[in-house]
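Reader: I'd like to learn how to read a structure like this one, feature by feature. Could you show me the model and walk me through it?

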Amino acid sequence: MKWMNIFKGLLMGALVVFSGCKQDDVFINEPQDGDMRSVGLAGPFASFNLSVDDFLDDLAEEDIYVDEEGVLFFQYRESVFVNWESLVTLRDVNERWSYSLPVFAPPLKAASSELLFSEEVVLSHQDDVRYDRVTLLDGELDLSFEVPPGLEGSITVEIPQATTANGEVLRVEFVVDPLGFATSNELPLSLVDFQVEFDSETEEPYNSHLDINVYEDLSLTAFPTGGEIALNFSLTDLKKKSAYGYFGDQTATREDAELEFDVFEEVEDLAAHVELEDFELDIEIFNSIGVPFYVEANNVRFFQRDVETPDSYLIIDGENKAVIDYIPNAVETEPLTPGRTTFSVSGNNSNLIEIGNTFPVRMMVDLVSRSNPPAPEGVVADKDNFMLEVEELQADLVFKLPLWFRATDYARTDTIEFDFVDIIDGSEEEVDHIELAKIFFDFESTFPLNILATAWVIDAQGNKIDDLLENNTYIIRSGTAAIPGESTFEIGLTGEQIRLFQDQAAKEIVMSYFLSTGDADSEPVKIKQDAAIKGAVSFDFSGNIPN
């Protein structure tokens, strides 16, 4: 597990310390026969007092945090989004309207700017949707007229509910020549930043609509050859920048939202030796849309490593879904105030702890969301909605694994870099004269864990060179703040081992750990932020150097 990295490195630093130590407590024996004399170096090297508190910033980078009780826990957060772009859907309109001309008798002229005809175009896409005001992000208006020859003058199209950013009403003017050609240099017209104030019915169907008014200022130049004027009307690709109204009961989905549990991906064989006491899943909803929502998390399923079919399904109160009946709407303040709610899944309302003890590596869920659900008791439903730039409902899947567990002989093997040739580079002659090097470790621990280890040295090809620690050496003994666990061990290197490491180019130390909190019937333990290791490292080495 990642938190075991706290212990790694302590051993490594001590293993190589002898190669660079220069201390005052050197003793020199009486000269011996021959050209060599014996020399020894002994004394304390370092003491330390490390607690989990000292590593909190580093642990946060590993997704490990502390709860209100001081217990460490893993937390993974994955944000998934339900796209609600369709909540405000402005229909495309493509229409052709034709109107019979009145009977003109030359030299009679039609009155100036007469209303020729008026039409309505409904832009709301379902009966229970009402649009009050929409500012457009995009959209295009295109128009064309079919006018019989024999008329000339102008035709004006006006949409009185649509105005520019400067407040000018949308108008397009056509010039009509005697041959019946109606032209305008304003088309197609971009509707970016236009504001539209809709008219709607007071009850469903609301039929939010715009008025299309056509005015003519035409005169006869001859008898018309046709009896009608036709307008081809196109309103397309309308996208909102902001919208106000009531957006009705609509549905959006997000399938196969996924959350990976990296902590379980990194370790194997947990189920046989580790039992979790708690496992939590929160579904946190952040609503930046001015609409209340209903959300279901359906078909919540869990997967084992390298398996594509679900291993287990989450059952909450007898069903394979989590239901959030009402997520409050956002409030339009500066800045925007999102609506928030959290649905918590634990062992109290589900089979989540059982699933957690299978140690899945990922979870998938299908999300279904509905707009404007019935308001819960005591909440007044608002018939006014809004939607700004944000078009997604954010759901954070938050997985929490407190370090509260029971472990029996959980085994793990790690490697530590130990490039011996590089370590002694420049000191080969001194190392050649070492006969014995010992490093002593004395630990006191308030971690509620026993950690035993075996260590050996390997070369670059993974071949074992020699042992470094005896089998099942107690590195850490379980303890409490009142009664710390004490452990003492030593690592001894003979001159023969040192030369062996040098000759065979030792590259790594392999450490095999065994972790336990006691036997199978022992109480589960919690790893807390005040857990600490206090210790001292000392050394003793001797050898011969030339006189």
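Reader: Let's start with Glu-277: how accessible is it, and what counts as its burial class?

Author: Happy to! Keep in mind that this is a predicted model. The general idea is to compare the relative accessible area with two cut-offs: under 20% is buried, over 50% is exposed, and partly exposed lies in between. Glu-277 has 23% relative accessibility, so the residue counts as partly exposed.

Reader: Which side chain does Glu-277 meet in a salt bridge?

Author: For a salt bridge, look for a side-chain nitrogen of Lys or Arg within 4 Å of a carboxyl oxygen of Asp or Glu. Here the partner of Glu-277 is Arg-406, with N to O at 3.7 Å. Arg-406 has 15% relative accessibility, so this residue counts as buried.

Reader: Where do Arg-406 and Glu-277 lie in the chain?

Author: Arg-406 belongs to strand β25 (residues 404–407), while Glu-277 is in the loop between β16 (274–276) and β17 (280–287), so the salt bridge ties together parts 129 residues apart in sequence.

Reader: Which residue forms a salt bridge with Asp-282?

Author: That is Lys-400, and the closest N and O atoms are 3.5 Å apart. This pair also links distant parts of the chain: Asp-282 sits in strand β17 and Lys-400 in strand β24 (residues 392–402), 118 residues apart. Asp-282 has a relative accessibility of 8%, so Asp-282 counts as buried. Lys-400, with a relative accessible area of 21%, is partly exposed.

Reader: Which residues do salt bridges that share partners join into one network?

Author: Arg-77, Glu-284 and Asp-396 are joined in this way.

Reader: How many salt bridges does the count come to?

Author: The count is 23 salt bridges. Among them is the one between the side chains of Lys-526 and Glu-69, at 3.6 Å from N to O. Those two are 457 residues apart: Lys-526 is in strand β32 (residues 525–526), and Glu-69 is in the loop between β3 (64–66) and β4 (72–83). Lys-526 is partly exposed at a relative accessible area of 29%, and Glu-69 is partly exposed too, at 48%.

Reader: These pairs reach far along the sequence. What percentage of contacts in the protein between residues at least 6 apart join residues at least 24 apart?

Author: For that set of contacts, the figure is 84%. As for the elements involved, the protein has 7 helices and 33 strands.

Reader: And how much of the protein counts as buried?

Author: Of its 547 residues, 47% count as buried. You can set that beside the accessible surface, which comes to about 26500 Å². Carbon and sulfur atoms account for 46% of that surface.

Reader: Now for charges on the surface. Which residues gather in a patch of negative charge?

Author: When you look for such a patch, the residues to consider have over 30% relative accessible area and no salt bridge, and like charges are joined within 9 Å. In this protein, Asp-92, Asp-138, Glu-140, Asp-142 and Asp-237 gather in a negative patch. Strand β7 (residues 130–146) gives the most to this patch, with 3 residues. Asp-138 is found in strand β7. With 37% relative accessibility, Asp-138 counts as partly exposed.

Reader: Let's turn to the backbone. What should I look for there?

Author: Start from the usual picture: most residues other than glycine have a negative phi, and most peptide bonds are trans. Then look for the exceptions. A cis peptide bond joins Leu-187 and Pro-188, with omega at about -5°. Pro-188 is placed in the loop between β10 (182–183) and β11 (189–190). Another cis peptide bond joins Glu-204 and Pro-205, again with omega at about -5°. Pro-205 is in the loop between β12 (195–197) and β13 (209–220).

Reader: What is the phi of Asp-256, and where is this residue found?

Author: Its phi is near 60°, a positive value in a residue other than glycine. Asp-256 is found in strand β15 (residues 251–260), and its relative accessible area of 39% makes Asp-256 partly exposed.

Reader: And is Asp-306, which has a phi near 60°, buried or exposed?

Author: Asp-306 is exposed, with a relative accessible area of 75%. Its place is in the loop between β18 (293–303) and β19 (312–313).

Definitions and conventions. Residues numbered from 1 in each chain as written. Predicted model: local features only at pLDDT ≥ 70, side-chain atom pairs only at ≥ 80, totals over all residues. Heavy atoms only, no water. Helix = DSSP H or I, 4+ residues; strand = E, 2+ residues; numbered from the N terminus. Buried < 20%, exposed > 50% of the residue type's maximum accessible area, 1.4 Å probe, protein only. Contact = heavy atoms within 4.5 Å. Areas by Shrake-Rupley, 256 points an atom, 1.4 Å probe, with all protein chains shown as cover. Patch = residues over 30% accessible without salt bridge, like charges linked within 9 Å, V, L, I, M, F, W, Y side chains within 5 Å. Lys, Arg positive; Asp, Glu negative; His and termini not counted. Charge placed at Lys NZ, Arg CZ, Asp CG, Glu CD.
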